[in-house]
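Colleague: I'm new to reading protein models, so could we go through one together? I'll ask, and you tell me how you get there.

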Amino acid sequence: MLEIKNLNFSYNEKILLENININIKSQTFVGILGPNGSGKSTLLKLMLKNLAPKTGEIILFNKNIKDFQLKEFAKICGFVPQNSELKTPLKVLDVLLMSKYIHLKNSFNTYSKKDILEIQELAQMIKINELLQRDVLSLSGGEFQKILLARALLKQPKILFLDEPTSALDLNHAIELLNFCETLIQKQKITIIAILHDLNLASLFCNKLLFLKKGKVRYFGTTKELLKQEILKEIYNLNCKIIYENSKPYILALKEIK
């Protein structure tokens, strides 16, 4: 579904990504992990067409993403940012209606009752129906993150990109949000690619992990293959133990004894 071939990217002659080659199948939950400055955000921006590769290709559904028209690309790809620049005091419902714009036949069409109903049904699923009439600027960070997810899903994307989606959430709400994303893969048959920092959340929900370090792919494989002491030491310089629960690996960080 998504293939990255010989991708290289540099900025002001500084190499940020070098020789990236990965192949992501449909209906997969992929976690992009690695230490700060490893190139995670840059890779995400390239996949979203916010940056252009210096060399190499990103192929989506057998088509180079540079050949997609903006509206066509927006229908296929949804994006949930870590932060939003939204500063206008709009109702949550109005913010969500904006996501339906790309599906209007022309700029003079208005939103339909079906659009409103779809928003209400999704809001109930994500448990934000009580927020629809709230001023979006009055929301907490966790509430706003759910609104951003709903806005992306209303485009009915085939692939969903998440940039640190749990950074503003407590652990309970982080699990709730990622559990919902996992359900989307099964019910709506979408693919999810997420930048994550919490290794245990990645173990709980991701099918595949991509470890970056210093702009290079160090590992790409399943959680069981990659969440190992020696790999985490290499990537993060992390001393840890790996424990297993229901066949899933979990990371117990160890404090350095002085």
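Colleague: Let's start with one residue: is Thr42 buried or exposed?

Modeller: Keep in mind that this is a predicted model. Thr42 is found in helix 1, which covers residues 40-47. Buried means under 20% relative accessible area. Thr42 has a relative accessible area of 16%, so Thr42 is buried.

Colleague: Okay, and which residues does Thr42 touch, if we skip those up to four places away in sequence?

Modeller: Skipping those neighbours leaves contacts elsewhere along the chain, and a contact here means heavy atoms within 4.5 Å. With residues up to four places away left out, Thr42 touches Phe9, Leu16, Leu17 and Leu51.

Colleague: Let's zoom out. How many helices and strands are there in the protein chain?

Modeller: The protein chain has 258 residues, and 45% of them count as buried. As for its elements, the chain has nine helices and twelve strands.

Colleague: What radius of gyration does the protein chain have, and what would a compact globule have?

Modeller: For a rough idea of the extent, the C-alpha atoms fill a box of roughly 60 × 40 × 35 Å along the principal axes. With 258 residues, a compact globule would have a radius of gyration near 18 Å, and the protein chain agrees with that, at 19 Å.

Colleague: What share of the contacts with a separation of 6 or more comes from residues 24 or more positions apart?

Modeller: Take the contacts in the protein chain with a separation of 6 or more, then pick out the pairs 24 or more positions apart. Those pairs account for 63%.

Colleague: Now the charges. How many salt bridges does the structure hold?

Modeller: A pair counts if a side-chain nitrogen of Lys or Arg is within 4 Å of a carboxyl oxygen of Asp or Glu. Lys63 and Glu72 make one of them, at 3.2 Å from N to O. Asp67 and Lys66 make another, at 3.4 Å. In total, the structure holds seven.

Colleague: Is Lys66 exposed or buried?

Modeller: The cut-off for exposed is over 50% relative accessible area. Its partner Asp67 has 41% relative accessibility, so Asp67 counts as partly exposed. Lys66 has a relative accessible area of 61%, which means that Lys66 is exposed.

Colleague: How many residues apart in sequence are the parts that Lys127 and Glu176 tie together?

Modeller: The side chains of Lys127 and Glu176 meet in a salt bridge, 3.4 Å from N to O. Lys127 lies in the loop between helix 4 (113-126) and helix 5 (141-153), while Glu176 lies in helix 6 (residues 171-187), so the pair ties together parts that are apart in sequence by 49 residues.

Colleague: Which residues are linked with Lys127 in a network of salt bridges?

Modeller: Lys127 is exposed, with a relative accessible area of 51%. Glu176 counts as partly exposed, at 26% relative accessibility. The residues linked with Lys127 in the network are Lys146 and Glu176.

Colleague: And how far apart are the mean positions of the positive and negative charges?

Modeller: Here you take the mean position of the 37 positive charges and that of the 25 negative charges of the protein chain. Those two mean positions are apart by 3 Å.

Colleague: Last one: what separates the C-alpha atoms of Ile116 and Cys206?

Modeller: Ile116 is found in helix 4 and counts as partly exposed at 26% relative accessibility. Ile116 and Cys206 are 90 residues apart along the chain, and their C-alpha atoms are separated by 32 Å.

Terms used:
Residues are numbered from 1 along each chain as its sequence is written. This is a predicted model: local features need pLDDT of at least 70, side-chain atom pairs count only at pLDDT 80 or more; totals for chains, interfaces and linings use all residues. Side-chain values use heavy atoms; hydrogens and water are left out. Buried means under 20% relative accessible area, exposed over 50%, partly exposed in between (1.4 Å probe, protein chains only). Helices (H or I, at least four residues) and strands (E, at least two) are DSSP runs, numbered from the N terminus. The radius of gyration is taken over C-alpha atoms; the globule rule is 2.2 Å times the number of residues to the power 0.38. Lys and Arg count as positive and Asp and Glu as negative; His and the chain ends are not counted. The place of a charge is taken as NZ of Lys, CZ of Arg, CG of Asp or CD of Glu.
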